[in-house]
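Good morning, colleagues. Today I should like to take you through the strand pairing and helix packing of one model; please look at the display as I speak.

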Amino acid sequence: MKAVRVLEYGGQLVFTDVARPTIARDEILVKVKSTAVNHIDLVKASGTARQILPIDLPWIPGHEFSGVVEQIGSGVAAYAPGDAVFGTSPMGAYAEYLAVTPAVIARKPSNLSFEEAASVPVASQTAWQGIFTHGHLEKGQTILIHGGAGAVGAYAVQLASQAGATVIATASGADEAYLTSIGASRVIDYRAAQFEKVLREKVDVVFDLIGGDTQQRSFLVLKEGGHLVAATQPVSQEETARHRVSGAMMRLAPSADGLGRIARLLEEGTIRPDVATVYALQDAARAWKDIAATRRSHGKLVLRVA
Ligand SMILES: NC(=O)c1ccc[n+]([C@@H]2O[C@H](COP(=O)([O-])OP(=O)(O)OC[C@H]3O[C@@H](n4cnc5c(N)ncnc54)[C@H](OP(=O)(O)O)[C@@H]3O)[C@@H](O)[C@H]2O)c1
């Protein structure tokens, strides 16, 4: 089968022939239709974080996909060949076939294209777990989402506003209309203003998709007892104690139930995906260059495999 591989840390992406995966009795072989680009793929491939995010080389990137079930293991009852599915994978989705377990997939929402479906699993589940599982967000509360127009942020904005929370997002000024259209009550242009200086009231939850100084300044706008959920770096426990808030870095824990719930929200039109650009699988290197380069409009970068 065709796949994109990383042969050495920091090396080029190579479009090449590799052996098709075989499946264990509890696994499913998926014929991949589309996959999507995530920053974590680039970080792992670069080797800069190899102490904490090691990969076995040669390595096939790709943490999410959509596709059609090709074959099922003898112990799999929930799916049958021909089913359209989407889900996450620890690696390997930049390929024509992928072996996964039912624990990380769900049926593809029927109203989504395969390109749209591939853009959903990582960002939407990270957003759900960030704001509800770790942020304990409730109806009537206020949440500040840093990086609201990004892939994760846009789901967080939609899910939080659908849950009856007031949503404030930091983003580029150019994304203000987009964010308002998906449920943000207020957008703060991070280049034009410092959120802690313009916010009049404190918030119940901060979902930090940026880190660094943005995370540091977030303590100033959290109510006592509030929650700081970070997706990019650990949270200082000294600072959480000093400000009497809770704070932790989350790590996505994909699940079939969680993705199934997201699929229902997509099917009923409660939330929607956002695909910026679709590339062919063999152009993965160009997609990586684009995601790492200058500012783009909001939305995910997707690779069409078949
Ligand atoms: N912990 C986990 O399990 C987990 C899971 C998924 C993702 N992540 C991480 O979460 C982060 C966000 O992922 P993503 O896929 O949503 O990224 P993304 O699509 O690239 O979005 C990032 C957004 O942040 C905006 N931004 C940049 N600097 C900002 C600032 N100082 N203040 C406010 N907004 C700012 C960008 O806008 P401009 O381009 O206009 O500057 C962009 O819209 C990444 O670091 C990713 O690795 C973690």
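Strand 9, residues 166-171, runs parallel to strand 10, and four bridges join the two. One of the residues involved is Ala169, whose bridge partner in strand 10 is Val187. I should say at once that this is a predicted model.

As general background, the strands of a sheet pair through backbone hydrogen bonds, either parallel or antiparallel.

The pair I have just described belongs to an open sheet of six strands, with parallel pairing and the order 10-9-8-11-12-13. Which strands lie at the edges? They are strand 10, at 186-189, and strand 13, at 246-249, each of which pairs on one side only. From one strand to the next, the twist averages 15°.

Helix 3, residues 121-134, packs on this sheet. The strands that helix 3 touches are strand 8 (142-146), strand 11 (203-208) and strand 12 (222-230). The direction of helix 3 makes about 150° with that of strand 11.

Let me now turn to a contact between two helices. The axes of helix 1, residues 39-46, and helix 10, residues 284-292, come within 10 Å and cross at roughly 105°. Helix 1 is therefore roughly perpendicular to helix 10, since angles of 65 to 115 degrees count as such.

Which residues meet there? Helix 1 contributes His39, Asp41, Leu42 and Ala45, while helix 10 contributes Trp288, Ile291 and Ala292. By character, the residues of this contact between helix 1 and helix 10 comprise five nonpolar, one polar and one charged.

Notes:
Residues are numbered from 1 along each chain as its sequence is written. This is a predicted model: local features need pLDDT of at least 70, side-chain atom pairs count only at pLDDT 80 or more; totals for chains, interfaces and linings use all residues. Side-chain values use heavy atoms; hydrogens and water are left out. Two strands pair if DSSP finds at least two bridges between them. Axes are lines fitted to C-alpha atoms, for helices over the stretch in contact, and angles run from 0 to 180 degrees between N-to-C directions. Contact means heavy atoms within 4.5 Å. Angles under 35 degrees count as roughly parallel, over 145 as roughly antiparallel, 65 to 115 as roughly perpendicular and the rest as oblique. Ala, Val, Leu, Ile, Met, Phe, Trp, Tyr, Cys and Pro count as nonpolar, Asp, Glu, Lys and Arg as charged, and the others, Gly among them, as polar.
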